[in-house]
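Here's a quick walk through a protein–DNA model, meant to be read with the viewer open. Have a look around first, then come back for the details.

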Protein chains: 2
Amino acid sequence: MQTTGDQFLVKKINKAIVLDAIVRHCPLSRAQLSDMCGLNKGTVSTLVGELIEEKLVYEIGFGRSSGGRKPVMLMFNKSAGYAIGIDLEVRHMLAVMTDLDGRVIAERQVELERHDPASVLELLTGAARSLIGEAPPSAYGVIGAGVGVAGIVDDKGTVLFAPNLEWEQVELERLLRESLAVPVTIDNEANAGALGELQYGAGKEASGIVYLSVGAGIGAGIVTGGSLMKGAGGFSGELGHTTIETNGKRCRCGNKGCWEQYASESAALELARPLGVARFGELIELAKQDAPEAIRLFHEVGESLGIGIANVINAFNPELVLIGNRMVLAEPWIRTAIERTVSARALPFHRRQAQIRFASLGERSAVMGAAFSAVTAFLSKDRVTW
Amino acid sequence: MQTTGDQFLVKKINKAIVLDAIVRHCPLSRAQLSDMCGLNKGTVSTLVGELIEEKLVYEIGFGRSSGGRKPVMLMFNKSAGYAIGIDLEVRHMLAVMTDLDGRVIAERQVELERHDPASVLELLTGAARSLIGEAPPSAYGVIGAGVGVAGIVDDKGTVLFAPNLEWEQVELERLLRESLAVPVTIDNEANAGALGELQYGAGKEASGIVYLSVGAGIGAGIVTGGSLMKGAGGFSGELGHTTIETNGKRCRCGNKGCWEQYASESAALELARPLGVARFGELIELAKQDAPEAIRLFHEVGESLGIGIANVINAFNPELVLIGNRMVLAEPWIRTAIERTVSARALPFHRRQAQIRFASLGERSAVMGAAFSAVTAFLSKDRVTW
DNA sequence: TAACTTTGTATATCCATTAAACAAAGTTTT
DNA sequence: AAAACTTTGTTTAATGGATATACAAAGTTA
């Protein structure tokens, strides 16, 4: 059954429009809002009144007059509550607490030694509780937690399948919601990263992006028109397990020639084995010291990344491709190889439209996106995001 | 500026819900509609009254009583108007006229010898006018035309880039609208095919599909939650120009190892050259006569198709992949090769979720989707599709 | 035949938006 | 400095949707 229209829906819609405008463009006066949103002045007054009542908006005093009565300027109360964001990776998890505007208030990093849901959940709730304990006093307290997981998540927040964590059918949303007693949103790690960069990072000016999470594997989050592209069965599947070499290297997924066999953190480490390097950080260090083997290695990885990025560009025709996750660290040594390869391989029309950039939030893309999801869920409660 | 809420919007929303329910499930009574849509009986009465006034709905008399007053059954007036659908391919175009429920009333096929926009446009308007001339008398006459083009189209109906037609920046929507004097919608051919199959064909039961248009090249249309996935710059780029063999065959796009070099109609013909076969139809004939070379050839093509389909499945995790366009004709000889390859290469989790089928509208997928777009545009005029 | 059901309409109420009037508090012009 | 104009934000009446309720019409069941 669809959402039918009535006066309450109308109010939800308009309130969401007004709040969104304030969040994005504050300080703003009621008169400006009326202009921007196309709503009657009286309507804006009423809605702003309620938002002030709800402590989501406050007045900061008069603005400059432009030939008439001084406007009363309104601000978004970004400290009305705080959000938890968690990025659950294979070897570690990163957790942050942000205000409603995405400023980081506190942060935790936890190493993961075991992967079974129970242990992970314990560490997860531990980190979250500890952050919650640090929340400053506020109108709403901690308004929710968002989690990004390297795996496939359904719309009810169940992790259907997370090969690297060896999880299947884990009802993460329910479990976390019950133990934290706050609303919880779960999403794929790449999707979370895409949201994070779009909202707070390198994609701020873009309307749509393809975010490539290049870590142990490769995942993708695609945002169009401000919202995540949700595919058929949960989407943001595994772009890393896309064949770029029909009879290429065997992948543990069973396929041959998977992209991530050539272009991921793991692929780089594989290439680095003859150098006696076992950790990605060391490889970066070597490159920083201009070690020619490391630099050559990154060129090779960059080229392979470029092949897959050209595929992404041809397939999706995006305006912006963002490379995120650990591979961001290798930017100086892979950037030109990527660009050269993409220019040689992508369709010229598509290539001209697409920019390729690196995630500006570094390792925080996903965690910020997860927190943002929590904020969005909170702000659109009893409000409709149109 | 966003759509703000007011009473008119509410009415639009509810009227669209009611009409949609009637279109989908008629015959229906007002009482059933009230139940199904979650709207008050009085509201439904008012809206149905207006829809009857507008000739989009009519009463067909009493239904069976279930212990009380007999219900008055309502029908969607699928003959209130007619839609034109056009599929603009490289060598020919197909044009149909359908009623509002997608039944084909008349059909035209036109060979294209020249590709310059002016000549094509002349043939196109000619075919459309001739079909319009055949429209039976009706309340609204011909309510619009939809076109599917093998190329990239922006949201204003301009063909940005159509390599096979050698078009760039052709304002097809404006030109056609002006010469036909009906509303015109333009979409990518693969998107149109996806819509057609989803609405009238093999995807009727699915909520989301990936439609692969395998003809001279390979394009994709992706539908989720009933609507087309619109990527950043127009989307439905060129999945066919996705690399599946890093150092594979040179493609005229400049890249190496493009999927469509191995898995399209053209790829099949390339393989068939030693056999002295120059047209796809002949190849099909040979296979029908059990010619072993033709059958072996199709196995090879099927395998290559499977590689790309496994990529699609891994990347999008769809519930249904539909193979459409000319390659449908080869179903008997490529089906098992495709399935074997996909099972070997796709991630098991994703593979289990995905069905692979062939388009059931055959060469009409795109043309039906184009007509459907016109119908949708007509029915949502002054109504909101929620 | 009486009691119950179901359908569809009519009516009063509610409520959100809008337009218009207006008060408050400025700036600009003369 | 006074008058005229501007801008802001509130108030008020009108508009038009949806809803709940009552009710009439037309059935079926006991």
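Which element gives the largest share of the surface near DNA strand D? That would be H1(B), with five residues. Keep in mind that this is a predicted model.

## Around the DNA

Start with DNA strand D, which has 32 residues around it. The closest are A:Gly42, A:Ser45, A:Gly68, A:Arg69 and B:Asn40. On the chain A side, helix H2 (30-37) and helix H3 (41-53) each give two or more residues to this surface, and on the chain B side helix H1 (7-25) and helix H3 (41-53) do so. Sorted by class, the surface near strand D has 18 polar, eight charged and six nonpolar residues.

Now for DNA strand C, with 31 residues around it. Here A:Asn40, B:Ser45, B:Gly68, B:Arg69 and B:Val72 come nearest. The elements giving two or more residues are helix H1 (7-25) and H3 of chain A, plus helix H2 (30-37) and H3 of chain B. H1(A) supplies the largest share, five residues. The class split for strand C is 17 polar, eight charged and six nonpolar.

## Where the two chains meet

The contact between the chains takes 51 residues from chain A and 51 residues from chain B. Looking at the chain B side, two or more residues come from each of H1, helix H10 (292-316) and helix H12 (348-353). The largest share, six residues, belongs to H10(B). What sort of residues make up that side of chain B? They divide into 23 nonpolar, 22 polar and six charged.

## Chain A as a whole

Chain A has 13 helices and 15 strands. Its C-alpha trace spans about 70 × 50 × 50 Å along the principal axes. The radius of gyration is 23 Å, which agrees with the value near 21 Å for a compact globule of 386 residues.

Buried residues account for 53% of chain A. Take the contacts between residues at least 6 apart in sequence: 63% of them join residues at least 24 apart.

## A helix crossing in chain A

Zoom in on helix H6 (residues 189-200) and helix H13 (residues 365-379) of chain A, whose axes come within 6 Å and cross at roughly 80°. Angles of 65 to 115 degrees count as roughly perpendicular, so that is how H6(A) sits relative to H13(A).

Residues making this contact include A:Ala192, A:Leu195 and A:Tyr200 from H6(A), and A:Met368, A:Ala370 and A:Phe372 from H13(A). By class, the contact has eight nonpolar, six polar and two charged residues.

## Backbone oddities

Most residues other than glycine have a negative phi, and most peptide bonds are trans. A few spots here go the other way. The peptide bond joining A:Cys26 and A:Pro27 is cis, with omega about 5°, and A:Pro27 is in the loop between H1 and H2 of chain A. In chain B, the bond from B:Cys26 to B:Pro27 is cis too, with omega near 5°. B:Pro27 is found in the loop between H1 and strand E1 (28-29) of chain B.

As for positive phi, A:Ala181 has a value of about 60° and is found in the loop between helix H5 (172-180) and strand E10 (184-188) of chain A. Is A:Ala181 buried or exposed? It is exposed, with 10 other C-beta atoms within 10 Å. B:Asn317 has a positive phi near 50° and lies in the loop between H10 and strand E15 (320-324) of chain B. B:Asn317 counts as buried, with 27 C-beta neighbours inside 10 Å.

Notes:
Residues are numbered from 1 along each chain as its sequence is written. Chains are lettered from A and ligands numbered from 1 in the order in which they are written. This is a predicted model: local features need pLDDT of at least 70, side-chain atom pairs count only at pLDDT 80 or more; totals for chains, interfaces and linings use all residues. A residue is near a molecule or strand if its C-beta atom, placed from the backbone, lies within 6 Å of it. Helices (H or I, at least four residues) and strands (E, at least two) are DSSP runs, numbered from the N terminus. Ala, Val, Leu, Ile, Met, Phe, Trp, Tyr, Cys and Pro count as nonpolar, Asp, Glu, Lys and Arg as charged, and the others, Gly among them, as polar. Axes are lines fitted to C-alpha atoms, for helices over the stretch in contact, and angles run from 0 to 180 degrees between N-to-C directions. Angles under 35 degrees count as roughly parallel, over 145 as roughly antiparallel, 65 to 115 as roughly perpendicular and the rest as oblique. Two residues are in contact if their C-beta atoms, placed from the backbone, lie within 7 Å. The radius of gyration is taken over C-alpha atoms; the globule rule is 2.2 Å times the number of residues to the power 0.38. A residue is buried if 20 or more other C-beta atoms lie within 10 Å of its own, exposed if 12 or fewer, and partly exposed in between; C-beta atoms are placed from the backbone.
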